[in-house]
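Visitor: I have a few labels I'd like explained. Could you walk me through them, value by value?
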Amino acid sequence: MPQLVLADFAPQLVWLAIVFAALYLVVSRAAAPRIGAMLERRQDRIANDLDAAAGLKRQAETALADYEAAIADARSKALAVVAQTRQQLLAEAGRHKAELKQTLDTRVAEAEARIAKAKSSAVASVREMASDAASGIVAKLLGEAPDQAALGRAVDAAMPPRN
């Protein structure tokens, strides 16, 4: 094995140093700056991406706050519209109730007037029928026609009082 021959050992160390120095120079002058630049670009891109993400997060938070404010505003407007509509419907229902009450009161008054008229007509016809019946009975019993004035007083006395 040539590596273990002591006479060749010194020149191998020299060549090792020369090759190591050459590789060091190539790596330090060519590869290291490229790697460093690539790492720096990567770091800058990561920082820019983090800044953009933070900006987008702020925008999302602002949009969420605006959305929640719009929802709250819409909810309050909807509640106001509901309350206003409810008041209008209650007022309209009150008007309809008043109109219905007035109509019913009018109909009840008309019905009571018809009933009173029918009652007085019925009472008058009962008096008249009672007078006719009493006149017929007296005429049959006595054989002569009774005095109409006396008969009217007797029928009036027998009739219940009118309300």
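Guide: Sure, starting with a definition: to join a nonpolar patch, a residue needs over 30% relative accessible area and no salt bridge, and its nonpolar side chain has to be within 5 Å of another. Keep in mind that this is a predicted model.

Visitor: What makes the nonpolar surface patch here?
Guide: Five residues do: Val-14, Trp-15, Ile-18, Val-19 and Leu-23, covering about 510 Å².

Visitor: Why is Val-14 called partly exposed?
Guide: Val-14, which sits in helix 1, has a relative accessible area of 47%. Partly exposed runs between the 20% and 50% cut-offs, so Val-14 gets that label.

Visitor: And why does Ser-135 count as buried?
Guide: Buried means under 20% relative accessible area. Ser-135 comes in at 17%, so it counts as buried. Ser-135 also belongs to helix 1, residues 9-142, where Gly-55 and Ser-131 are buried too.

Visitor: What is Ser-135 in contact with, leaving aside neighbours within four places in sequence?
Guide: Pro-146, Gln-148 and Leu-151. As for the buried residues of helix 1 in general, what covers them includes helix 2, residues 148-158.

Visitor: Where does helix 1 bend, and by how much?
Guide: At Ser-28, by about 40 degrees. That's the angle between axes fitted to the seven residues ending there and the seven starting there.

Visitor: What phi does Gly-143 take, just after helix 1?
Guide: A positive one, about 85 degrees.

Methods:
Residues are numbered from 1 along each chain as its sequence is written. This is a predicted model: local features need pLDDT of at least 70, side-chain atom pairs count only at pLDDT 80 or more; totals for chains, interfaces and linings use all residues. Side-chain values use heavy atoms; hydrogens and water are left out. Helices (H or I, at least four residues) and strands (E, at least two) are DSSP runs, numbered from the N terminus. Buried means under 20% relative accessible area, exposed over 50%, partly exposed in between (1.4 Å probe, protein chains only). Contact means heavy atoms within 4.5 Å. Patches are made of residues with over 30% relative accessible area and no salt bridge: like charges are joined within 9 Å, nonpolar side chains (Val, Leu, Ile, Met, Phe, Trp, Tyr) within 5 Å. Accessible areas come from the Shrake-Rupley method with a 1.4 Å probe; for residues, only the protein chains shown count as cover. A salt bridge is a side-chain nitrogen of Lys or Arg within 4 Å of a carboxyl oxygen of Asp or Glu.
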